[in-house]
Amino acid sequence: MTEAWIRTNRITLPGGAKIPTDLISKLKDSNVDDVSEQNNVRSFSKTDTRELVMQDGSVVSVSIYSGSAGQNSSLNVLGLVTAFEDEDSSVIVIGMTPNGSMPVNIGSVEADLISINGNREIEEMLELISTIE
């Protein structure tokens, strides 16, 4: 995994019905499990919880995750997941980014092929999430 991404799922039920909080929690957990499996992320576990102020002034809780990317990669992975409601829908947001460096050794030459500051990527994702209406 060498790219950052973010995915937003908006769930709307007929008649403005709201999805129960425990079901939203299960959907978030399922999304985290699916994403880590699909991206071959090992030891993907929650490391932090952040409070994010949305553009409308509401505050949502964002879970931050960390793990190891694949068996042949020295890059680690950071991820985030949050869920919140507006008047008409429930929104689940999940994102993932590489974190660290990928060294390359060719003969006597040692250098980093790529270096990604995952924490900075997470901050940019949080900024994007705060604008979701």
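**Notebook: fold, cores, strand pairing and pocket**

I began with burial across the protein chain: of its 133 residues, 34% count as buried. I note at the outset that the model is predicted.

**Overall layout.** I looked up the secondary structure next and found two helices and six strands in the protein chain. Read along the sequence, these elements follow the pattern β-α-β-β-β-β-β-α. I then took the extent of the C-alpha atoms along the principal axes, and they fill a box of roughly 65 × 25 × 20 Å. For contacts in the protein chain with a separation of 6 or more, I recorded that 54% join residues 24 or more positions apart.

**Largest nonpolar core.** I listed 15 residues in this core, and those touching the most other members are Leu52, Val62, Leu80, Phe84, Ile122 and Ile129. I asked which elements supply at least two residues each: they are β3 (59-69), β4 (76-85), β5 (90-106) and α2 (118-129). The largest share comes from α2, with four residues. I followed Ile122 further; setting aside residues up to four places away in sequence, Ile122 touches Ile64, Leu78, Gly79, Leu80 and Thr97.

**Second core.** I also found a separate core of 10 residues, with Val32, Ala69, Val81 and Met96 among them.

**Val35.** I placed this residue in helix α1. Is Val35 buried or exposed? Val35 counts as buried because its relative accessibility is 1%, and the cut-off for buried is under 20%. Leaving aside neighbours within four places in sequence, I recorded contacts of Val35 with Trp5, Arg7, Ile94 and Met96. One of these partners, Met96, is also included in the second core. I checked one distant pair as well: Val35 and Gly95 lie 60 residues apart in sequence, and their C-alpha atoms are 9.1 Å apart in space.

**Ser130.** I turned to the segment after α2, where Ser130 is found. Ser130 has a relative accessible area of 13% and is therefore buried. Which residues does Ser130 touch, not counting those up to four places away in sequence? I found Leu52, Val53, Met54 and Gln55. Of these, Leu52 is listed among the residues of the largest core that touch the most other members.

**Strand pairing.** I traced β2 (residues 41-53) against β3 and found the antiparallel sense, over 10 bridges. Within this pairing I noted Arg42 opposite Ser68 in β3. The hairpin of β2 and β3 has five residues between the strands, and Gly57 there takes a positive phi near 95°. I then traced β3 against β4; these strands also pair in the antiparallel sense, over seven bridges. Here I noted Ser66 opposite Leu78 in β4. Leu78 had already appeared in my notes as a contact of Ile122.

**Largest pocket.** I recorded a volume of about 170 Å³ for the largest pocket. Which residues line the largest pocket? I listed Thr21, Ile24, Ser25, Lys28, Val59, Val60, Ser61, Thr82, Ala83, Phe84 and Glu85. The elements that give two or more residues to this lining are α1 (21-38), β3 and β4. I sorted the lining by class and obtained five nonpolar, four polar and two charged residues. Phe84, one of the lining residues, is also a member of the largest nonpolar core.

Conventions: Residues numbered from 1 in each chain as written. Predicted model: local features only at pLDDT ≥ 70, side-chain atom pairs only at ≥ 80, totals over all residues. Heavy atoms only, no water. Core = buried A, V, L, I, M, F, W, Y, C linked by side-chain atoms within 4.5 Å. Buried < 20%, exposed > 50% of the residue type's maximum accessible area, 1.4 Å probe, protein only. Contact = heavy atoms within 4.5 Å. Pairing = 2+ DSSP bridges. 1 Å grid on protein atoms, 1.4 Å probe; cavity = no way out; pocket = protein on both sides within 12 Å on 5 of 7 lines; lining within 4 Å. Points joined across faces, edges and corners; volume = space filled by probe spheres on them. Nonpolar A, V, L, I, M, F, W, Y, C, P; charged D, E, K, R; others polar.
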